[in-house]
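Welcome! Here are two short exercises, each with a solution to follow at your own pace.

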Amino acid sequence: MRLQGKVAIVTGAARGIGRGIALRFAMEGAKVGIVDLKEDECRKVVEEIKQREGEAVALTTDITLEGQVRQCVEKLKAEFGVCNVLINNAAVMPSGALHETLPQDFDRCISTNLRGTYLMCRAVIPGMLERGQGSIIHMASITGVRGLPGLAVYSATKGALIALARAMSTDYARQGIRTNAVSPGTIDSPMLHNFLAEQSDPERYRKMFDDMHPIGRVGKIEEVANVCVFLASDLASYVSGASVVVDGGELTA
Ligand SMILES: NC(=O)c1ccc[n+]([C@@H]2O[C@H](COP(=O)([O-])OP(=O)(O)OC[C@H]3O[C@@H](n4cnc5c(N)ncnc54)[C@H](O)[C@@H]3O)[C@@H](O)[C@H]2O)c1
């Protein structure tokens, strides 16, 4: 129970990596706010957590909207107390080379991946400052430090999140708030499954992804969640401003 006493918000927690982090956090003793766009899907994750005797609340929120973000943080406080762990995980990933990306897709990506993160931070930081304690994790990606074809706008937001964690650390670390980024490589997630399903030979593509990683396979959602547990916990009391890469060695191969 490494997260006993923590009150956490996980954005984008209705599915994929966010859901995995939320489930794991609850099993480590955290009380978890499940933030996502769709009410039914948030509720389903809360039910799963309750079935395992964890504590969670559904906080249906569009993180790009300031009023909804404020209400979400207030609801969490009323239910469980002041938020002391924030996982900024929600994101969208438009694909295509830059000149092919439509302005509305560019705006949506910046708005979700960056503005949403900013709004969530802005809403929780005053409570963390009052208590002199908090851990904020931005879910970045190895695309934030290396180029991959067709992902320019998404990659730009992920690079910005790594810079944001570093810069925020200089503002807040002395006041007890640690900010870090986590940069996954390819993770076995619904996002990957959808991509594979669109290919003419999904098995060949799957093997190609597995072979790309020195460890010989793509990552598991739990392997990203493990790193988040560490960074959110007091075990990481001297870790701030870092970007922790979780990619089976892909970046350095
Ligand atoms: N899957 C991978 O291989 C991989 C690799 C590197 C980084 N990542 C990062 O990990 C995170 C999670 O990835 P995933 O694969 O689980 O993604 P996903 O698309 O499966 O889940 C993202 C969730 O965010 C929610 N969301 C989107 N916009 C929102 C908004 N405005 N307000 C609230 N919620 C919103 C979606 O509804 C969805 O449930 C993302 O930040 C992604 O960039 C994923």
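A polar contact with the ligand is a pair of N or O atoms within 3.5 Å. This is a predicted model, where local features need pLDDT of at least 70, side-chain atom pairs count only at pLDDT 80 or more, and totals for chains, interfaces and linings use all residues. Residues are numbered from 1 along each chain as its sequence is written, and side-chain values use heavy atoms, without hydrogens and water.

**Exercise 1.** Find which residues hold polar atoms beside oxygen atoms of the ligand.

*Solution.* Start with the side chain of R15: one of its N or O atoms is 2.7 Å from a ligand oxygen. Next, a polar side-chain atom of Y154 lies 2.5 Å from an oxygen of the ligand. Finally, turn to the backbone of I187, where a polar atom is 2.9 Å from a ligand oxygen. The protein covers 93% of the 830 Å² of accessible area (Shrake-Rupley method, 1.4 Å probe) that the ligand has on its own.

**Exercise 2.** Compare the expected span of helix α4 with the distance between its end C-alpha atoms.

*Solution.* Helices are DSSP runs of H or I with at least four residues, numbered from the N terminus. The expected span is 1.5 Å times one less than the number of residues. Helix α4 has 29 residues (103-131), so it should span 42 Å; its end C-alpha atoms are 41 Å apart, which agrees. After α4 comes G132, with a positive phi near 65°.

Methods: Helices (H or I, at least four residues) and strands (E, at least two) are DSSP runs, numbered from the N terminus. A polar contact is a pair of N or O atoms within 3.5 Å; within protein, one must be able to donate a hydrogen and the other to accept it, and residues adjacent in sequence count only if both atoms are side-chain atoms.
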